[in-house]
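Got your viewer open and a selection box ready? Here is a short tour, one stop at a time.

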Amino acid sequence: MKKGMTVEQILASYNDAAPLTEASTIPAPWYVDARIADLERQTVFSRTWQVMGRVDQVEKPGQFVTATVAGEPLVAVRGSDGMLRAFYNVCRHHAAAVVTEPCGQASILRCPYHGWNYGLDGTLKGMPEFDGVKNFERKDNGLVPVKVETWEQFVFVNLDADAAPLADYLGGLVRRVAPLGLTRLHYYASQTYNIYCNWKVFVDNYLDGGYHVPHLHKGLNSVLDYKQYTIEIEDRYCLQSSPMVTSDEHAATGATRKGDRAWYFWLHPNFMFNCYEGYLDTNLVIPVDVDHCRVIFDYYFSDVSEAGRAYNEQSVSVGNQVQDEDLGICEAVQRGLKSRAYGAGRLSVRREAGEHLFHRLLAADLRGGIGQPATACEGEI
Ligand code: FES
Ligand SMILES: [Fe+2]
């Protein structure tokens, strides 16, 4: 990495106008410079629709789910009126987190610090020992709202109060995913991976169009017709898809990765979901700092009853095997990106159109947001 470059110079060192045949990856400093990570938090993660939970977590009145997006503590909660709302999970008194459980159900949101309590619609209901305080309006001190919408099984939030609706953001993805009938599948289990790599290294690895599959994932490769692998890019998503073949060699993979086709979807910037027959897993990639990310895998199956348990466990362990193979490579890439020997790399025209899309969208987000302060919907001073 060249020392002494400004953020503007680092951003300018990527040419997003180059066609795939001439394109390079985003340069190494984008993956290793903490100033880029800060700018991503203010732009990419503060302006895009971000998955913060599952619809099944907030089905009933009072059910809530919490998450952190762009460093902001958030809570989404289903109101008594059936409406889903989201808020900054920050008490208007002295800023403690009001909801402290990852998910659950409540009739009122009570801050654990001094007992201020809020309705499921975010309005401030009660403040113990607050008589005599002047110029204080309860109605102006509700939880600060955040945009929230759902699509398929997923709850999305957007910190940008001016963001276009989720359907606009998803674009053609809605039509592409609808025939797969994802809502017929049921959540089964989650698995979290803490990885020593920038979050974009993990996304790049996902978006290489199967390039690494024959080399790194022998089991997975045995059920994919690699030569027929297709890559579609549109709007803000990429679909990588492959016809399936049967495998005798890798029995566990063959038994749990079935159907006519494998469908691998990525939605800019950090959400992926993978479908086989009767199977869905989602991967949410969360930046921790410039060198670390956390990836949350949620597994869904058609039968989540006791009768399906052995099969589902086998399927999750096949998933774990693939992830373990990927993690070692991602960590090696992060070390390599810090080497003086590396600047940027070229892209395979046959395989790496997804990465090219990702890098161009990212460049647009970063350049479009530079110098613009982030604001909440209200609660600004
Ligand atoms: S910080 Fe929540 S009641 Fe004081
Ligand atoms: Fe992989």
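**Stop one: the hairpins**

Select strands β3 and β4: they form a hairpin with five residues between them, and G82 in that turn has a positive phi of about 85 degrees. Before going further, note that this is a predicted model, where local features need pLDDT of at least 70, side-chain atom pairs count only at pLDDT 80 or more, and totals for chains, interfaces and linings use all residues. Residues are numbered from 1 along each chain as its sequence is written, chains are lettered from A and ligands numbered from 1 in the order in which they are written, and side-chain values use heavy atoms, with hydrogens and water left out.

Strands here are DSSP runs of E with at least two residues, helices are runs of H or I with at least four, and both are numbered from the N terminus. Two strands count as paired if DSSP finds at least two bridges between them.

Now show β4 as residues 84-88: β3 and β4 pair in the antiparallel sense over five bridges. Click A76, which stands opposite A86 in β4. On the β2 side, A76 is the bridge partner of V65.

Add β2 (residues 63-69), which pairs with β3 in the antiparallel sense over six bridges. These two also form a hairpin, with two residues between them, and A70 in the turn has a positive phi of about 55 degrees.

Next, colour β3 (residues 72-78) by accessibility. Five of its seven residues are buried, so the strand is largely enclosed by the rest of the structure. (Buried means under 20% relative accessible area, exposed over 50%, partly exposed in between, with a 1.4 Å probe and protein chains only.)

**Stop two: the cavities**

Hide the strands and look for empty space: there are two cavities of 30 Å³ or more. A cavity is a set of points on a 1 Å grid over the protein atoms alone where a 1.4 Å probe fits but cannot get out, and lining residues have an atom within 4 Å of a point. Points are joined across faces, edges and corners, and a volume is the space filled by probe spheres set on them.

Select Y206, L220, N274, V322 and D326, which lie nearest the centre of the largest cavity, among its 24 lining residues. Its volume is about 350 Å³. Which helix gives the most to this lining? That is α11, with four residues.

Finish with W49, F156 and H268, which are among the residues lining the second largest cavity. Its volume is about 40 Å³.

Definitions and conventions
1 Å grid on protein atoms, 1.4 Å probe; cavity = no way out; pocket = protein on both sides within 12 Å on 5 of 7 lines; lining within 4 Å.
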